[in-house]
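Student: I am new to this structure. Can you show me how to read it, feature by feature?

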Number of protein chains: 2
Amino acid sequence: MQARALFGIEHPIILAPMAGGPSTPELAAAVSRAGGLGSLGVAYLGPAAIRAEIAKVRALTDRPFAVNLFVPEPRPEPAAPDRARVAEVQKWLAAYRAELGIDEPPLPTPIPFAEQLAEVAAARVPVVSFTFGVPSPEAVRALKASGALVVGTATHVEEARQLAAAGCDAIAAQGAEAGGHRGTFAGRAEDALVGTMALVPAIVDAVKLPVIAAGGIMDGRGILAALALGAVAAQLGTAFLLCDEAGTDPGMRRMVAAAGDTSTTVTRAFTGRAARGIRNRFITEWGAREPAPFPLQHLLTADIRAAARKAGHPELVNLWAGQGVALARAIPAGELVAALAAELAAARRALAD
Amino acid sequence: MQARALFGIEHPIILAPMAGGPSTPELAAAVSRAGGLGSLGVAYLGPAAIRAEIAKVRALTDRPFAVNLFVPEPRPEPAAPDRARVAEVQKWLAAYRAELGIDEPPLPTPIPFAEQLAEVAAARVPVVSFTFGVPSPEAVRALKASGALVVGTATHVEEARQLAAAGCDAIAAQGAEAGGHRGTFAGRAEDALVGTMALVPAIVDAVKLPVIAAGGIMDGRGILAALALGAVAAQLGTAFLLCDEAGTDPGMRRMVAAAGDTSTTVTRAFTGRAARGIRNRFITEWGAREPAPFPLQHLLTADIRAAARKAGHPELVNLWAGQGVALARAIPAGELVAALAAELAAARRALAD
């Protein structure tokens, strides 16, 4: 199975969904227009915003694209967050609010997953991908009935097996190099940091589904390596962080442009879930403290991160990026896709010699 | 530059040195005879044993092979170990000795690096590789004068630059997936767990030297991926752990055969240096304690690990293995090299289609 047959795209290049900033309809559309598969990370958006973003992509391209959602924890969430826990985290965060000159806001309400899912199904998008868990068989059926291909994200073999059993059409294998949230839902994320080189062949062997390789892929060499490992396509996020169409704010662009191969770490400080980002003051100062669970920690720190972004102060912002960050290129996304495709072709020829 | 031209080998396959058990002259020779580059891990051996092991390899094959040494810390070592530190670790270890029915032995003496180096130079071996640091310019000159190619091990770009500046002929890029000791010498090993997919292209771009890719490579797909990333050869250790000629003890063989993609972790419990191995009781019980520095912790735990091995009790043994461990094959090493070469050729054809 090749990416062309599966997704109807020209190049085996998928834009990683990057909810909460870098993901924009313009970026997704630019990647799709150039022959890759653009993705919209809409996990932090309500139904109306999801509808608007999808419409924007469609206004910019009639090519296939993907929409990504976060699967909520299967355990029943408490009706209200633990007040003692919230108070403790707010106390830790008070110094940052003082520094930024902002007041503690009311705690935002999380957006119900069922409403997001219904909106995405109603929008009849070509590809729907999930992170953080296994979508229910009903959700998978509803999306397939809407015409979507359903992609699940796995960080180790057991997760890939669960996603296959739930009826997913393809598996995104997220290696430890990847930027942003670790997709891990079976076991602790810290115990499942399997590198792309080991992860992709293991998942290819374990499930009879097309596998998308993600993590540390930054250029044509990496895409060819992903295909060599048995993947049908490579998913790149960090590679697009500096593209003109990305929603990456200026402070983060500076940090990304200055980062090297050992600049990132895995932290739960910002959202309560393990995620890879560029080491900064907030991560260092948070240290080994126990954050509130996701999405509570995300909601608790949201105002600080927004204010810090606005103030051009990236030391208090979640700078999600993968280990290949030093190779990110500040060019339009369409040019990047064209360059990646040309590099892939050249690397393929070099390897055949 | 291709592996054939650089090392005089038929296949771009290098056996990782695996000092302290799995490495045997028989394993190294079997890999070299089959057209790969066998390696001897002699870092824990004295000059006489080094001489004997090299002679054994030469008795079994006249093809090229490599010898690996650990570069000691550049800072002056204290003449004697910190007695309070030793007493503290011995106290922690007492329960294991009681369980195994052994007495606390006198602390073994570390073997001087200068003597090892002189022995290896005198043996005039084809390839000498280093881990844990930058060999001195004098050592590099002496080895080159003896006819050896000198390979340095890097876990991030800055280390590769230092090794290139010291005159190394090639760089082994050790990705985070790799089993055994992390080669990190610049910065903390825990901060330099860069996956192979991100590491290899970064080092290829940073130094004008041939790069050997290591970490998570278990079959022809992985070798092809390494070449796609720009490496001249792939280095595999874990893939050979179950081979007949490996010195892997029976208890460890059972643990390796049962391990999956999330079975390994990085620990300093056994030797004082970060190393990737299969999680077991000793690692779990050691927890977050601060071990003595390398090689002191290695010397302090050596009797326990030896007794546990003898007793068939792998829960107290350092089970060095990489994240691809589930794909290790229990076949003769020569057959494994032939299978890897055939898989590489098949994967190359499949990718060209």
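**Reading the fold and the pairing**

Tutor: Begin with the elements. Chain A has 13 helices and eleven strands. Keep in mind that this is a predicted model.

Student: How does the radius of gyration of chain A compare with the globule rule?

Tutor: The radius is 19 Å, close to the 20 Å that the rule gives for 353 residues, so chain A is as compact as a globular protein of that length. Along its principal axes, the C-alpha trace spans about 60 × 45 × 40 Å.

Student: What share of the residues of chain A count as buried?

Tutor: Of the 353 residues, 58% do. Look at sequence separation too. Take the contacts in chain A between residues at least 6 apart in sequence: 69% of them join residues at least 24 apart.

Student: Now the interface. How many residues of chain A are in contact with chain B?

Tutor: 40 residues of chain A are in contact with 40 of chain B. On the chain A side, the elements giving two or more residues are helix H8 (196–206), helix H9 (220–228) and helix H13 (333–352). By class, that side has 20 nonpolar, 14 polar and six charged residues.

Student: Which turn lays chain A on chain B?

Tutor: A turn of 180°, with a shift of 0.0 Å along the axis and an RMSD of 0.0 Å. The two copies are thus related as by a two-fold rotation axis. Of the residues of chain A, A:Ala225 comes closest to that axis, its C-alpha at 2.0 Å.

Student: Why do we say that the copies meet through the same surface?

Tutor: Because 100% of the interface residues of chain A are also interface residues in chain B.

Technical notes: Residues are numbered from 1 along each chain as its sequence is written. Chains are lettered from A and ligands numbered from 1 in the order in which they are written. This is a predicted model: local features need pLDDT of at least 70, side-chain atom pairs count only at pLDDT 80 or more; totals for chains, interfaces and linings use all residues. Two residues are in contact if their C-beta atoms, placed from the backbone, lie within 7 Å. Helices (H or I, at least four residues) and strands (E, at least two) are DSSP runs, numbered from the N terminus. Ala, Val, Leu, Ile, Met, Phe, Trp, Tyr, Cys and Pro count as nonpolar, Asp, Glu, Lys and Arg as charged, and the others, Gly among them, as polar. Copies are superposed by least squares on the C-alpha atoms of residues with pLDDT of at least 70 in both. The radius of gyration is taken over C-alpha atoms; the globule rule is 2.2 Å times the number of residues to the power 0.38. A residue is buried if 20 or more other C-beta atoms lie within 10 Å of its own, exposed if 12 or fewer, and partly exposed in between; C-beta atoms are placed from the backbone.
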